[in-house]
Amino acid sequence: SVLISERLRKELQDDSRSIYKIARQTKIDRSILKRFLSGERSINISTADKLAEYLELRLRKVENLKKN
């Protein structure tokens, strides 16, 4: 399973918009984004919420598909 932070990091890395533009539009400090993207730091839930909203990501429950 993929952690939320890993998914956000991948989506940001794959996004064509610049870190400057993302920071400006989300009101997240650019240095926080840079350090998050490089793996130097984690982000808090509020920052994760802002990024998920900006990237139009939503959480959804995945049903357990294992057969008994």
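Here's a walk through how the helices of this predicted model pack together, ending at its largest pocket.

Let's start with helix 2 and helix 3, which span residues 19-26 and residues 30-38. Their axes sit 9 Å apart and the packing angle is about 125°. Angles from 65 to 115 degrees count as roughly perpendicular and those over 145 as roughly antiparallel, with the rest in between called oblique, and helix 2 and helix 3 are therefore oblique to each other. The crossing of helix 2 past helix 3 is right-handed. On the helix 2 side, the residues that meet the partner are Ile19, Tyr20, Ile22 and Ala23, and on the helix 3 side they are Arg30, Leu33, Lys34 and Leu37. Sort the residues of this contact by class and you get six nonpolar, two charged and no polar.

Next, look at helix 3 from the side of helix 1. Here the axes are again listed as 9 Å apart, with an angle of about 110°, and that makes helix 1 roughly perpendicular to helix 3. Helix 1 brings Ser5, Leu8, Arg9, Leu12 and Gln13 to the contact, while helix 3 answers with Leu33, Phe36 and Leu37. The class tally for helix 1 with helix 3 is five nonpolar, two polar and one charged. If Leu33 and Leu37 ring a bell, that's because they also appear in the list for helix 3 against helix 2.

Now back to helix 2, this time with helix 4 as the partner. The two pack at an angle of about 110°, and their axes are 10 Å apart, so helix 2 and helix 4 are roughly perpendicular to each other. Lys21, Ile22, Gln25 and Thr26 come from helix 2, and Lys50, Leu51 and Tyr54 come from helix 4. This contact of helix 2 with helix 4 splits into three nonpolar, two polar and two charged residues. Ile22 is one of the helix 2 residues that meet helix 3 as well.

That leaves the largest pocket, with a volume of about 510 Å³. Its lining is made of 15 residues, and the ones nearest the centre are Ile4, Arg7, Arg58, Leu59 and Arg60. Which helices supply at least two residues each to this lining? They are helix 1 (4-14) and helix 4 (45-54), and helix 4 gives the most, with four residues. By class, the lining of the largest pocket has 10 nonpolar residues, four charged and one polar.

Key: Residues numbered from 1 in each chain as written. Predicted model: local features only at pLDDT ≥ 70, side-chain atom pairs only at ≥ 80, totals over all residues. Heavy atoms only, no water. 1 Å grid on protein atoms, 1.4 Å probe; cavity = no way out; pocket = protein on both sides within 12 Å on 5 of 7 lines; lining within 4 Å. Points joined across faces, edges and corners; volume = space filled by probe spheres on them. Nonpolar A, V, L, I, M, F, W, Y, C, P; charged D, E, K, R; others polar. Axes fitted to C-alpha atoms, helices over the stretch in contact; angles between N-to-C directions. Parallel < 35°, antiparallel > 145°, perpendicular 65-115°, else oblique. Left-handed = near helix turned anticlockwise from the far one by under 90°. Contact = heavy atoms within 4.5 Å.
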